[in-house]
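Hi,

Here is the structure I promised to pass on. Have a look at it first, and then read on for what turned up.

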Amino acid sequence: MKSKPMLVLGLMSGTSADGIDVALARVSGQPPRLDAKLLAHTSFKFPSEVQKEILRVAEGRQVTAGELSQFNFRLGELFADAALAACRRFRVSPGRVSLIGTHGQTVFHQGRPVPFFGRPTASTLQIGEPAIIAARTGITTIGDFRPADIAAGGQGAPLVPFADYLLYRHEKFGRVSLNLGGIANLTVIPAHAKPQDVFAFDTGPANILIDALVSHFTRGRQRFDQDGALAKNGQISLQLMRTLLRDPYLRQRPPKSTGREYYGRGYVKELIALGRRYRLNSNDLICTTTMFSAISVIDALHRFVFPKHKINEIIVSGGGAQNPVILQTLSMLAITGTNPRHLYTAAVPGEISIMMYEAGTRSRPPITVPKHALVSVRSSSTLGVPTEAKEAFAFALLAYETFHHRPSNLPSATGARGPAILGKISYGPHR
Ligand SMILES: Nc1ncnc2c1ncn2[C@@H]1O[C@H](COP(=O)(O)OP(=O)(O)O)[C@@H](O)[C@H]1O
Ligand SMILES: [Mg+2]
């Protein structure tokens, strides 16, 4: 039975707290033959004092229940404004949109149970009240996707692998979907995969440390390293890279997830102190940290993915895909093929040190690369999903599934005991 296509908006703000990404999708059918097309996307920056407050709360600094409650509703208004402004930009009347899926803003995430008042407890909190979004837009809004997975024994994350699986599964190619947001996370989709073959985890930082360093060194005048300009003016410090690669998070086995709780203020302070100790200027520190984001991804692939699965392609999305230093580093041992839209990366176990050396000298590696190791790195845009819209698109799909009473967590990715229907529904006014 073919269902009538629905227009669904996806709203997303990630750990970077840079702003709200909005995606408009047309969706019909059901998995495995879900038919989903991204029609349009846009984004809205948070006012700078709102971003500051999100970062403050998400770092676990003091906040009263009253402030948190107020912030939840205030962010709800901002998400609603973003949805309505996006409809105007897209020239789609909100009356034609059937559904909104909103991720909200994570301010706390504890995916693994830890002792709390005498009992192991896991929990997660996304704010940006869906009832406000439904009331302001008149569109039924589904939010709060993560708690249902935690209730089913999962880590409540990652949830995007469901969309990755639908969008990127390939009969012959093993693929890794890599999202470079505040945190870098990847989804492994082996060739010819079934849902239970998919796994996913956070590899470590993508932009979170870079953004913090840039804010620090520009005294808040810049909030990120636009097009990697500062990193490009720096040199890699091998000494610092070696220290960073000892980060215990990298060794931790998946499933694993991380965030501002770990790569937050404390980590950045230490990074700045190391920079001083090794006598690095600010650009060297930013350069090395930027390359660390890419190298920690490659490191994770060697540790946890390549030994088990043949991977042909890495499909990159998220704001970090706009940073050429991250992408070039990802592709460091690479041979550029004939198609200039693709970068090729050849990853050989244990060659990270050579990559680092190469980055400093910017000459070709003195090794020959076995052909089977070739992995092409491509932007998600080449597969019809603009890099900045991937996650918002994913939450539109998750909302569509929930609306149809279907589960959309992948237990193999979150560790849940079984499938769960995700989210909570706020109905729009009766039409
Ligand atoms: N042109 C660019 N050059 C370098 N970095 C960029 C660029 N555009 C975005 N970014 C980085 O991407 C981050 C936002 O990425 P995003 O995918 O929205 O992450 P999140 O999901 O954590 O919000 C910004 O904070 C910034 O670090
Ligand atoms: Mg963002």
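The shell around ligand 1 has twelve polar residues and six charged ones, with one nonpolar residue besides. Please keep in mind that this is a predicted model. In total, 19 residues surround ligand 1, and those that come nearest are Ser16, Gly182, Asp211, Asp227 and Gly319.

Three of these residues are worth pulling up on your screen. In the side chain of Asp211, an N or O atom sits 2.6 Å from an oxygen atom of ligand 1. The side chain of Ser16 also offers an N or O atom, here 2.8 Å from a ligand oxygen. With Gly182 the partner is a polar backbone atom, and the distance to an oxygen of ligand 1 is 2.8 Å. How much of the accessible area of ligand 1 does the protein cover? On its own, ligand 1 has 580 Å² of accessible area, and the protein covers 88% of that.

Now to the sheet. It is open and built from six strands, in the order β3-β2-β1-β4-β7-β14, with mixed pairing. The edges are taken by β3 (35–45) and β14 (424–426); each has a single partner strand, so one side of each is left without a neighbour in the sheet. On average, neighbouring strands are turned by 20° against each other, if direction is ignored.

If you zoom in on the β14 edge, you will find β7 (residues 141–143) running antiparallel to β14, with three bridges joining the two. Within this pair, Thr141 stands opposite Ser426 of β14.

Two helices lie across strands of this sheet. Helix α2 (residues 65–90) lies across β1 (6–12), β2 (19–28), β3 and β4 (99–102), and it runs at about 115° to β3. Helix α14 (residues 390–403) lies across β1, β2, β3, β4 and β7, at about 125° to β1.

Finally, a few backbone details that you may want to check for yourself. Which peptide bonds are cis? One joins Pro31 and Pro32, with omega at about 5°, and Pro32 is placed in the loop between β2 and β3. Another runs from Ala157 to Pro158, where omega is near -5°; Pro158 belongs to the loop between α4 (146–151) and α5 (161–168). Ala17 has a positive phi, near 50°, although the residue is not a glycine. You will find Ala17 in the loop between β1 and β2.

Enjoy exploring it, and write back whenever you like.

Best wishes

Terms used
Residues numbered from 1 in each chain as written. Chains lettered and ligands numbered in written order. Predicted model: local features only at pLDDT ≥ 70, side-chain atom pairs only at ≥ 80, totals over all residues. Heavy atoms only, no water. Near = heavy atom within 4 Å. Polar contact = N/O pair within 3.5 Å; in protein donor to acceptor, adjacent residues only side chain to side chain. Areas by Shrake-Rupley, 256 points an atom, 1.4 Å probe, with all protein chains shown as cover. Nonpolar A, V, L, I, M, F, W, Y, C, P; charged D, E, K, R; others polar. Pairing = 2+ DSSP bridges. Helix = DSSP H or I, 4+ residues; strand = E, 2+ residues; numbered from the N terminus. Axes fitted to C-alpha atoms, helices over the stretch in contact; angles between N-to-C directions. Contact = heavy atoms within 4.5 Å.
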